[in-house]
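The following paragraphs treat the packing of a pair of helices and then the cysteines. The sequence and the structure are shown first.

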Amino acid sequence: MPERFAYPHGPQRIVCMTEETTEWLYLLGQEQRIVGISGYTVRPSRARQEKPRVSAFTSAKIEQILALQPDCVLGFSDMQADIAATLIRHGVQVTIFNQRSVAEIFSMMAQVAAMVGQVERGRALIEGMHRQLGAIADAAARLPRRPRVYFEEWDQPHISAIRWVSELIGIAGGDDCFAELAAQPLGKQRIIADGQEIVRRNPDIIMGSWCGKKFRPERVAAREGWQEISAVRHGQLFEIKSADILQPGPAALTDGVAQLHRIVVEWNAHQAAVAQAEPGPPHTRPMGADHDEPSGRHHV
């Protein structure tokens, strides 16, 4: 092709307004293209030292972004729509992804890899993550029981797991207590107004990832009526850091799901130890049943 028609191979100056695209570009070996990142970025840790922080989640430093002269800005969801519109009006190319499921996360990563000319490397990394998820699912299938899991994304009001988290809980060997809400894309659609509904569903494990603040299991355990919940009675309350599970990118598909699976495996080991210590015939309740729950407990 004549030199006068030469063009750059993909964007050369990228601003990533959420962490998952930053982490993915680093994994692709394309971090030199990144000129600005989100202030919430912690993966990889060196990105905070190497790149200027120019956005939060629902706000951004527009003038600083424009000063960086990006040829592409990457964002996530309707929550960043106003930022995207402002940048577009200033003539900036903006791509907003809206991945909500495990499959959509993989699709986002494949698209970003193609944008920066790393189709083969991207494919190899994605296939590696596929294998890891498959191995976890196979190991989960061999576990004696699948615990009921309540994943709390926010505490006041109670917000249950978004779709990719719910799917990863299933892969890890658990069953999301509020799977019917996981299909709802917006947090306000996943609000559980009546905390007693969580009590009625009686999760075996409670996991918390309160985006922006530390999960406090002692506060959860002290909620009115929650002492009846199996997870509270047996001390099965755990935090998973937001950066590891609530970023819809590589972190959730690697470290996040691995933590979910570890918790489920340890819960099964705890159940086996309890059953062995109890007198009488071996425990034969069906998978997913709680051997010490009161009769008449409602399940969904």
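An angle between helix axes under 35 degrees counts as roughly parallel, one over 145 as roughly antiparallel, one from 65 to 115 as roughly perpendicular, and the rest as oblique. In this predicted model, helix α7 (residues 163-172) and helix α13 (residues 250-277) pack at an angle of about 50 degrees. The two helices, α7 and α13, are therefore oblique to each other. Their axes lie 9 Å apart, and the crossing in which α7 passes α13 is right-handed.

The contact draws W164, L168, I169, I171 and A172 from α7, and these residues meet A252, L253, V257, L260, H261 and V264 of α13. By class, the residues of this contact comprise ten nonpolar, one polar and no charged.

The burial of α7 may be set beside this contact. W164, V165, S166, L168, I169 and A172 are the buried residues of the helix. In general, an α-helix has 3.6 residues a turn, so residues three or four places apart point the same way. Beyond the end of α7 comes G173, which has a positive phi, near 115 degrees.

The cysteines remain to be considered. A disulfide is a covalent bond between the sulfur atoms of two cysteines. With sulfur atoms required to lie within 2.5 Å, the model has zero disulfides. Why does C211 form no such bond? The closest cysteine sulfur to that of C211 belongs to C16 and is 18 Å away, which is too far for a bond. As for C177, its relative accessibility is 3%, and C177 therefore counts as buried.

Notes
Residues are numbered from 1 along each chain as its sequence is written. This is a predicted model: local features need pLDDT of at least 70, side-chain atom pairs count only at pLDDT 80 or more; totals for chains, interfaces and linings use all residues. Side-chain values use heavy atoms; hydrogens and water are left out. Buried means under 20% relative accessible area, exposed over 50%, partly exposed in between (1.4 Å probe, protein chains only). Helices (H or I, at least four residues) and strands (E, at least two) are DSSP runs, numbered from the N terminus. Axes are lines fitted to C-alpha atoms, for helices over the stretch in contact, and angles run from 0 to 180 degrees between N-to-C directions. A crossing is left-handed if the near helix is turned anticlockwise from the far one by less than a right angle, and right-handed if clockwise. Contact means heavy atoms within 4.5 Å. Ala, Val, Leu, Ile, Met, Phe, Trp, Tyr, Cys and Pro count as nonpolar, Asp, Glu, Lys and Arg as charged, and the others, Gly among them, as polar.
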